[in-house]
Amino acid sequence: MLRGLYTAGTAMLAQSRRMDVITNNIVNVETTGYKSDTLVTQSFRDMMISRLNDPSVYEYSYVGPHNTGIHIDTIKTHFTQGPLLETQHPLDLAIEGDAFFVVEYTPQILVEADAEERADPDYEPEYEDGETEYRYTRTGSFNVDAEGYLVTPDGYYVQGQDGRILVGTTDFTVAPDGTVTAGGEEVGQLRLVRFEDNGVLRKAGENLYTVSPLTDEDGEPLDILEPEDATVTVKQGYLEGSNVDAARETVKMMETYRAYEINQKILRIFDDSLGRAVNDIARI
Amino acid sequence: MIQTLYTGASGLIGQQKNIDVIANNVANVNTDGYKKTRFDFQDCLYVTMRAPHPASNGPEKNLQRGNGAIELQTARIFLGGSLTDTGRVLDFAIDGNGFFVVENPTVDESYEGDADQSILMVRNGNFHISNDEEGAFLVDPQGRYVLDTEGERIALPTSVPMERLLCSGDGLLSYVNDEGVLVEVAQMQIVDFVNPGGLADVGNGAFMQTDNSGEMTEGTGKIVQRKLEASNVDYAEEATRLIRAQRAYQLAARAVTTADQMMGIANSIRQ
């Protein structure tokens, strides 16, 4: 009906999505290794407005471009270094530089049960292992599992150059280049990877990232590079804090709120205009 | 918008639990042998927002929206506390990794796993003598019998003044008798685990083996006598954590309030 109604509507929708992203940043201000997100909006493509029923012009002509609102374009994750917090705990590792730990992730797939089984009061959902894939993380608060492997707190195996790292004890040392030494012997070297474009990383929860798409436009697998030696160090006894800037998020939240408010006012004005058109213009 | 409320609420709940953990640490700043815990967060459950237009060319865009923060783990940190001199002959401390072994007074009959639930691990070496009709035994402050390397209760000689009791670095208790001969009493057992973080906390400063703690190995720490290990809680660290938790809580509350106000704005588009 009135184009402006929809334009303001798109803005309100986009701002509410932006508020979602800001809130997620805010509640993750204490999450180790978290990287803050920003919602990027984009205008719809301009439409050309054409002149109708104008007797002064013989040809069908264009007035000019007109825009009908904004939509969410993408979410940009900022991979800036978070602060390094010293904990002195040997199981805490932090990466200083542009690199990620690699973990072996086995998704748990729910075993399908039919309606009868599900109705049983003793029914407990069973899970089976899916296909193992690799995921990436900056969160270095690791544990040692019962068999002695270095794992994340969720139990995913941390990868070294030759696969899983068997430390056998919580008393191990990690050198700045990622070499893991336990009981006087070298038991492995942490595998650290770097991406040519960090924009291919997608957050998948549990402090992990997946890569999407896995291939580039030509169908070739994306390059995962080994980081150049001097720029990346692993620090044992430190954790990388979240890189969320609380002050900036608060300001963004205020901006979003006011943008939402002003678009609501625009919507109200259009609503009033329509109300007049519907109710008052044709009043007998 | 409703999702924003839940996302914000997850922050409030998480920080509350975080503060609980911090408060517990601070309450135990003077508990000998206490090991601090730490609350860690993880982000969770990313969903793909609805794509406005399919991308005609170019790479797929990131539309993953997060849904808050939840608990990753409450880790127990087994860093050593500082050793303080007490001068008391039955005060022991472990300098390094390892635990004293005591007998578990209550055993759960229904447990069917592999872990040995008959023993408990402790770090607090403030031991005493318990006299009963079978003799004088070494016990911890809760009255649990300290075990030797054979798994037996440690019996102390009643005829010898306890001041003469000596303890070597690997836990061998002995004394010099009136003839000047060194008499061995018992060997205290020091154990460690592949994953001490997997031990279950059964309260009163004791830990129990579980399926997650891995194999029991020999402790590498040295036993020192006439000292006690203080709590490993660092008050400055806990105070800093508490300030950060409070600020995070305030921020999350602000986000929830703002989301609520935005919903109010949406509701009042048309009175």
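Start in chain B by selecting strand 10 (residues 128-132) and strand 11 (residues 135-139): the two run antiparallel and are joined by 5 bridges. Together they make a hairpin, with 2 residues between the strands. For a single pair to label, pick Ser130(B), whose bridge partner in strand 11 is Phe137(B). Keep in mind along the way that this is a predicted model.

Stay in chain B and colour the open sheet of 6 strands, which follow the order 17-18-8-7-16-19 with antiparallel pairing. Look at the edges: strand 17 (200-203) and strand 19 (216-218) each have a single partner strand, so one side of each is left without a neighbour in the sheet. Turn the view and follow the twist, which averages 50° from one strand to the next.

Within that sheet, zoom in on strand 8 (residues 119-122) and strand 18 (residues 206-208) of chain B, an antiparallel pair held over 2 bridges. Here Val122(B) stands opposite Ala206(B) of strand 18.

Now switch to a surface view and select Leu166(B), Val176(B) and Leu182(B). These three form a nonpolar surface patch with about 250 Å² of accessible area together. Leu166(B) belongs to strand 13 (residues 166-167) of chain B, and its relative accessible area of 39% makes Leu166(B) partly exposed.

Next come the salt bridges, of which the whole structure holds 25 over all chains. Select Asp92(A) and Arg38(B), whose closest N and O atoms are 2.7 Å apart. Asp92(A) sits in the loop between strand 5 (84-86) and strand 6 (93-96) of chain A, while Arg38(B) is in strand 1 (residues 37-43) of chain B, so this pair joins two chains. Are these partners buried or exposed? Asp92(A) is buried, at 1% relative accessible area, and Arg38(B) is buried too, at 4%.

Move on to helix 3 (residues 246-279) of chain A, where Glu249(A) and Lys252(A) lie 3 residues apart, about one turn of the helix. Their salt bridge brings the closest N and O atoms to 3.4 Å, and both residues are buried.

Then select Asp280(A) and Arg276(A), whose side chains meet in a salt bridge at 3.3 Å, N to O. Asp280(A) is partly exposed, with a relative accessible area of 32%, whereas Arg276(A) counts as exposed at 56%. Elsewhere on the list, Lys35(A), Arg138(A) and Glu240(A) are joined into one network by salt bridges that share partners.

Finish by colouring chain A by pLDDT: the average is 86, and 92% of the residues score at least 70. Confidence in this chain is lowest in strand 21 (residues 224-225), with a mean of 68, and highest in strand 23 (residues 238-240), at 95.

Terms used. Residues are numbered from 1 along each chain as its sequence is written. Chains are lettered from A and ligands numbered from 1 in the order in which they are written. This is a predicted model: local features need pLDDT of at least 70, side-chain atom pairs count only at pLDDT 80 or more; totals for chains, interfaces and linings use all residues. Side-chain values use heavy atoms; hydrogens and water are left out. Two strands pair if DSSP finds at least two bridges between them. Helices (H or I, at least four residues) and strands (E, at least two) are DSSP runs, numbered from the N terminus. Axes are lines fitted to C-alpha atoms, for helices over the stretch in contact, and angles run from 0 to 180 degrees between N-to-C directions. pLDDT is the predictor's confidence in each residue, from 0 to 100. Patches are made of residues with over 30% relative accessible area and no salt bridge: like charges are joined within 9 Å, nonpolar side chains (Val, Leu, Ile, Met, Phe, Trp, Tyr) within 5 Å. Accessible areas come from the Shrake-Rupley method with a 1.4 Å probe; for residues, only the protein chains shown count as cover. A salt bridge is a side-chain nitrogen of Lys or Arg within 4 Å of a carboxyl oxygen of Asp or Glu. Buried means under 20% relative accessible area, exposed over 50%, partly exposed in between (1.4 Å probe, protein chains only).
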